[in-house]
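Thank you for asking me to look over this model. My remarks are set out as numbered points, written for someone who is meeting the structure here without earlier acquaintance.

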Amino acid sequence: MSVWAIVAAGGRGDRLGLDRPKAFAKLRDRPMLAESLERLDVSDWIDAIVVAAPEGWEEPAILLAEELGCSKVFACVTGGPTRADSVRLALAEVPEDAAVALVHDAARPLVTDEVVGRVLEPLGEGWDGVVPGLPVSDTVKRVQGDTVVETVSRDDLVAVQTPQAFVAPVLRAAAAGGGEVSDCAALVERAGGRVKVVPGDPRLRKVTEAADLELVASWL
């Protein structure tokens, strides 16, 4: 079973206040993208990697992979205007006979081999996709403007992370439909696919603001 990883690294990172894309924000002394590339490259689960980089940052992404010695990085594509577009463009570099496409956000740098295995294994049980998730601990309220409309039960809610794994032809077909979604699982769900949730990892925190970057750096 061939597993191709797609690293979505196209985020602008405006809230970090940087003059560069989020994936190239410094996590300690090197670009944040380096963590995901290294971790996926050494994983026995992963056969090849495709990076979706921001326009104009393709060469720095390739040079970074070369400097790190990441031999599994097969291609770097220019990301599209939306996340779904970036994934679709990256999938064009994934061979038609690939069994699995694993999509990971560079903004969640501390990916572990345990989570990678956790999302891959259920695909052999007939699931179209698998996502890691954590129970929602905060009280969640639905609002309109600044008015609370209702308090939503947390019992059936999870906060979903990446990496997310999919049967490659299923994701390819779902991504071809386009549209803006917050994660790839939403594409597969929209197409009628079955998606399973497995336990996530609190350290797979998404870097959005400077405080997130500092916290993730403290876990290295």
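The points below take up two residues and two pockets in turn.

1. Please keep in mind throughout that this is a predicted model, and that the values quoted here are computed from it.

2. I begin with Gln164, which belongs to strand S11, a strand that covers residues 164–167. Its relative accessibility is 1%, and because buried means under 20% relative accessible area, Gln164 counts as buried.

3. The side chain of Gln164 has two partners that deserve a look in the viewer. With the side chain of Asp183 the side chain of Gln164 makes a polar contact at 3.0 Å, and the backbone nitrogen of Ala185 is reached by the side chain of Gln164 at 3.2 Å.

4. Which residues does Gln164 touch, when those up to four places away in sequence are not counted? They are Ala101, Leu102 and Val103, then Val130, Val131 and Pro132, and finally Asp183, Cys184 and Ala185.

5. Pro21 is found in a loop, the one that runs between strand S1 (3–8) and strand S2 (26–27). With a relative accessible area of 7%, Pro21 is likewise buried, and once its neighbours within four places in sequence are left aside, Pro21 is in contact with Gly11, Arg12, Pro54 and Trp57.

6. Ala185, already mentioned as a partner of the Gln164 side chain, can also be set against Pro21: the two are 164 residues apart in sequence, and their C-alpha atoms are 24 Å apart in space.

7. Turning to open space, the largest pocket has a volume of about 850 Å³. It is lined by 34 residues, of which Gly10, Gly11, Arg12, Arg83 and Lys206 are the closest to its centre; Gly11 and Arg12 are also contacts of Pro21. By type, the lining of the largest pocket divides into 11 nonpolar, 12 polar and 11 charged residues.

8. The second largest pocket holds about 300 Å³ of space. Of the 13 residues that line this second largest pocket, those closest to its centre are Arg108, Leu134, Ala159, Gln161 and Arg205.

9. Where in the fold does the lining of the second largest pocket come from? Strand S7 (129–135) and strand S10 (158–160) each supply at least two of its residues, and the lining of the second largest pocket as a whole is made up of 7 nonpolar, 2 polar and 4 charged residues.

Technical notes:
Residues numbered from 1 in each chain as written. Predicted model: local features only at pLDDT ≥ 70, side-chain atom pairs only at ≥ 80, totals over all residues. Heavy atoms only, no water. Helix = DSSP H or I, 4+ residues; strand = E, 2+ residues; numbered from the N terminus. Buried < 20%, exposed > 50% of the residue type's maximum accessible area, 1.4 Å probe, protein only. Polar contact = N/O pair within 3.5 Å; in protein donor to acceptor, adjacent residues only side chain to side chain. Contact = heavy atoms within 4.5 Å. 1 Å grid on protein atoms, 1.4 Å probe; cavity = no way out; pocket = protein on both sides within 12 Å on 5 of 7 lines; lining within 4 Å. Points joined across faces, edges and corners; volume = space filled by probe spheres on them. Nonpolar A, V, L, I, M, F, W, Y, C, P; charged D, E, K, R; others polar.
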